[in-house]
Amino acid sequence: MTDFKRHNFKRLKIWQMAMEIANTIFDLSIIFPNEEKFGLVSQMNRCAVSIPSNIAEGSSRTDKSFSHLLDISLGSSFELQTQLILCNSGRYIAEENLNILENKLQEFQKATMTFQNTLN
């Protein structure tokens, strides 16, 4: 059996960043129109939950498996970024909020890729 280091996900900066993004999305999506509650809001919330959840799940796995789950987390972050751009186009969020959230997502993506490189 291969020995591997388990990571305490709560101490990982990328998990903390992901939790901040998820909480921001939850707060933001409350103001969306009712007709989007089961569409765009639901999809955004699932993406937002997926980001830190995959980091937490991967933290108990081998480095190879963790890296794969980080890929999934990154994919969800890019999906969420696309949805936020659509929200701005639909005038559900202001340009300023879009810019703030895109910056947070890009910081998360960069930090996650950097961390992921330490696993390989």
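Good morning. I begin with one residue, Ser29, which is buried, with a relative accessible area of 4%. The cut-off for calling a residue buried is under 20%, so Ser29 falls in that class. I should say at once that what we are looking at is a predicted model.

Where does Ser29 lie? Ser29 belongs to helix H1. Leaving aside residues up to four places away in sequence, Ser29 touches Lys37, Val41 and Asn45.

Let me turn to the helix itself. Helix H1 covers residues 13-29, and its 17 residues, at 1.5 Å a residue, should span 24 Å. The C-alpha atoms at its ends are 24 Å apart, in agreement with that expectation.

Which residues of H1 are buried? They are Ile14, Trp15, Met17, Ala18, Ile21, Ala22, Ile25, Leu28 and, as already noted, Ser29. Viewed down the axis of H1, these buried residues fall within an arc of 160°, and therefore they line one face of the helix. On the other side of H1, Lys13 and Asp27 are exposed.

What do the buried residues of H1 pack against? Their partners are helix H2 (40-58), helix H3 (63-89) and helix H4 (95-119).

I come now to the charged pairs. Side chains of opposite charge can pair when their charged atoms come close. How many salt bridges does the structure hold? There are two.

One of them joins Lys104 to Glu20, with the closest N and O atoms 2.9 Å apart. Because Lys104 lies in helix H4 and Glu20 in helix H1, this pair ties together parts that are 84 residues apart in sequence. Helix H4 thus enters the account of H1 in two ways: the buried residues of H1 pack against it, and Lys104 of H4 pairs with Glu20 of H1. As for accessibility, Lys104 counts as partly exposed, at 23% relative accessibility. Glu20 also counts as partly exposed, at 44%.

In the other salt bridge, the side chains of Glu57 and Arg61 meet, at 2.5 Å from N to O. Glu57 has a relative accessible area of 36% and is therefore partly exposed. Arg61, at 33% relative accessibility, is likewise counted as partly exposed.

To close, I return to helix H1. Its buried residues line one face, with helices H2, H3 and H4 packed against them, while Lys13 and Asp27 are exposed on the other side. Glu20 of H1 reaches Lys104 of H4 through a salt bridge. Thank you.

Definitions and conventions
Residues are numbered from 1 along each chain as its sequence is written. This is a predicted model: local features need pLDDT of at least 70, side-chain atom pairs count only at pLDDT 80 or more; totals for chains, interfaces and linings use all residues. Side-chain values use heavy atoms; hydrogens and water are left out. Helices (H or I, at least four residues) and strands (E, at least two) are DSSP runs, numbered from the N terminus. The expected span of a helix is 1.5 Å times one less than its number of residues. Buried means under 20% relative accessible area, exposed over 50%, partly exposed in between (1.4 Å probe, protein chains only). The arc is that of the directions from the helix axis to the C-beta atoms. Contact means heavy atoms within 4.5 Å. A salt bridge is a side-chain nitrogen of Lys or Arg within 4 Å of a carboxyl oxygen of Asp or Glu.
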